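Please look over the sequence and the model shown below before reading on. The report that follows is written for someone meeting this structure for the first time.

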Amino acid sequence: MADLAVMHEQLDQLRDLAVRHGNGPNHETAVPRLAVHVGHAPTPPTSGLFEPRICLVLQGAKQIMIGDLVLRYDPATYFVASIELPVSGCVIEASREKPYVGISLALDRDAIAALLPSVPGRASAETAGFAVSAVTPALLDPWLRLLGLLDSPHDIPILAPLLEREILYRLLQGPQGALLRQAAREDSRLSQVRQAIGWIREHFDEPLRIEALADLAAMSLASFHRHFKAATAMSPLQYQKSLRLQQARRLLVGRADAAGAGFAVGYESASQFSREYARMFGLPPARDAIRLRATGADSAYAV
């Protein structure tokens with residue numbers, strides 16, 4: 001009970017700091033890699049590429065979909081991703097009186113790797129590239145001091161790297177330590193999968209040859225499929241399709257026509273593009289673009 005009371009007090013203090021220094025749904029702060037997110041209403045699902053980071057919700061709740069998995073996180077939990085993921089997400093709890101408040105820190109793989117010799121533990125042979133876990137007072141404490149630096153910006157260059165290191169140290173000690181070790185080690189299965197992801201991101205509009213991706217990842221075909229799905233909750237083809245459809249959505253919001261957007265991202269069949277687009281976003285391309293322009297939304301994703 002004492003830990004719970006401490007945690008509630010920490011979350012209240014973090015929320016007050018975030019609201020004071022936040023400015024909209026995705027505000028990059030003066031602390032490197034630290035962002036604050038404040039919203040006053042639930043949001044429709046938006047899609048984007050989620051870069052490796054840890055995210056804490058200080059008030060409200062968020063829901064994201066990765067592949068076929070639906071995850072929720074709120075002030076009792078944190079979300080961490082150690083690999084680039086196409087996701088769809090929305091704020092599900094927010095109001096003018098109690099806004100959604102979140103903070104996130106982009107993960108520095110080099111900083112994690114530098115800590116590994118000092119933190120006992122080992123990377124598992126196979127692990128997901130993302131997870132939701134319970135927050136603890138020990139984890140929230142360095143977050144509170146990190147956000148507190150926004151009140152004394154002259155201290156940021158000296159103290160922010162130390163507090164970021166402490167946050168990473170706490171994460172490595174926690175239930176997702178294996179996930180972070182996989183991300184930091186160059187010889188891990190997750191790092192091999194990341195090689196393939198890099199190719200897909202750069203060539204998402206080109207035909208996908210799974211055998212070539214497996215060779216790039218230095219795995220057998222069966223091993224590559226298994227580890228890719230474990231890391232991303234998607235097959236390589238599903239991952240590519242998500243990237244294609246997200247890019248097509250951006251083109252449509254920018255006034256491209258539906259057929260042109262489909263061809264631009266690699267589809268050869270307009271009907272297949274329209275069918276897969278509607279399956280992912282809930283409306284055919286042209287109608288979805290009209291809705292997005294009317295609401296002022298786009299495909300940017302803020303945690």
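The text below describes how strands pair and then turns to one residue.

This is a predicted model, in which local features need pLDDT of at least 70 and side-chain atom pairs count only at pLDDT 80 or more, while totals for chains, interfaces and linings use all residues. Residues are numbered from 1 along each chain as its sequence is written, and side-chain values use heavy atoms, with hydrogens and water left out.

Strands here are DSSP runs (E, at least two residues), numbered from the N terminus, and two of them pair if DSSP finds at least two bridges between them. An open sheet is formed by 6 strands in the order 1-2-9-4-7-10, with antiparallel pairing. Strand 1 (27–28) and strand 10 (130–134) each have a single partner strand and stand at the edges, so one side of each is left without a neighbour in the sheet.

Three antiparallel pairings can be set side by side.

| Strands | Bridges | Residues standing opposite |
|---|---|---|
| 3 (residues 46–50) and 8 (residues 85–93) | 5 bridges | Thr 46 and Gly 89 |
| 5 (residues 61–66) and 8 | 5 bridges | Lys 62 and Val 91 |
| 4 (residues 53–59) and 9 (residues 100–106) | 6 bridges | Leu 56 and Ile 103 |

Thr 77 lies in strand 7 (residues 77–81), and Thr 77 is buried, with a relative accessible area of 16%, where buried means under 20% (1.4 Å probe, protein chains only). Leaving aside neighbours within four places in sequence, Thr 77 is in contact (heavy atoms within 4.5 Å) with Val 57, Arg 72, Val 132, Ser 133, Ala 134 and Val 135.

Terms used. Helices (H or I, at least four residues) and strands (E, at least two) are DSSP runs, numbered from the N terminus. Buried means under 20% relative accessible area, exposed over 50%, partly exposed in between (1.4 Å probe, protein chains only).
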